[in-house]
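I opened this model to go through its fold, one helix and one side chain. My notes are in the order in which I looked things up.

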Amino acid sequence: MRLPELIDDLIVAKHEANGDFHKIIERYKKVELLIIDEWLLTPINDEQAQTILELIEYRSQRGSTIFCTQFAPEGWHSKLGNPQIADAILDRIVHDSYKLLIQGDKSMRERYGIGGEFA
């Protein structure tokens, strides 16, 4: 799931009075592997960061999460806005994680797309 869509789903549900937020969180909590694409591609505001913290907290020790991004983990803190929320999010991620950093001059789409070197 793309991070912008995930955040939008959660924030819309949070602002509704029908309790959908906890239903959606429960649904994400039950997923064995959640892949979040476009992780921190752009900076996020405090409400978005708080929502991410709630999701990460609910998933902590319950399922695996893959964060796909163009930024090294060392740069995530500054993109998460509020330093205290950023600390809390990263504390839940980095201590139980494996890092797979893929380096290269060509994007995945350039390599594997039509006419790419692996086509």
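The entries below go from the whole chain to single residues.

**Overall.** I note at the outset that this is a predicted model. I counted six helices and two strands in the protein chain. Read from the N terminus, their order is α-α-β-α-β-α-α-α. I took the box around the C-alpha atoms along the principal axes and got roughly 50 × 30 × 25 Å. Of the 119 residues in the protein chain, 31% are buried. I then looked at contacts with a separation of 6 or more, and 70% of them join residues 24 or more positions apart. The exposed surface of the protein chain comes to about 8,100 Å², with carbon and sulfur atoms supplying 52% of it.

**Strands.** I looked up how β1 and β2 pair and found the parallel sense, over four bridges. L33 of β1 stands opposite S64 in β2. Between the two strands the chain passes through α3, and this β-α-β crossover is right-handed. Next I checked the faces of β1, residues 33-36: L34 and I36 lie on the covered face, L33 and I35 on the uncovered one. In a regular strand, side chains alternate between the two faces of the sheet.

**Helix α5.** Which span should the twelve residues of α5 (residues 83-94) have at 1.5 Å a residue? I expected 16 Å, and the end C-alpha atoms are 16 Å apart, so the two agree. At the N-terminal end of α5 I found N82 as the cap, with a side-chain oxygen 2.9 Å from the backbone nitrogen of Q84. I listed the buried residues of α5 as I85, A86, A88, I89, L90 and I93. An α-helix has 3.6 residues a turn, so residues three or four places apart point the same way. I then asked what the buried residues of α5 pack against. The partners are α3 (46-59), β2 (64-67) and α4 (76-79).

**T51.** I went to T51, which sits in helix α3. Is T51 buried or exposed? Its relative accessibility is 1%, and the cut-off for buried is under 20%, so T51 counts as buried. I looked for a polar partner of the T51 side chain and found the backbone oxygen of E47, 2.8 Å from a polar atom of that side chain. Leaving out residues up to four places away in sequence, T51 touches L10, I11, K14 and F21.

How values were computed:
Residues are numbered from 1 along each chain as its sequence is written. This is a predicted model: local features need pLDDT of at least 70, side-chain atom pairs count only at pLDDT 80 or more; totals for chains, interfaces and linings use all residues. Side-chain values use heavy atoms; hydrogens and water are left out. The expected span of a helix is 1.5 Å times one less than its number of residues. Buried means under 20% relative accessible area, exposed over 50%, partly exposed in between (1.4 Å probe, protein chains only). Contact means heavy atoms within 4.5 Å. A polar contact is a pair of N or O atoms within 3.5 Å; within protein, one must be able to donate a hydrogen and the other to accept it, and residues adjacent in sequence count only if both atoms are side-chain atoms. Two strands pair if DSSP finds at least two bridges between them. A crossover is right-handed if, with the strands pointing away from the viewer, the path from the first strand over the helix to the second runs clockwise. Accessible areas come from the Shrake-Rupley method with a 1.4 Å probe; for residues, only the protein chains shown count as cover.
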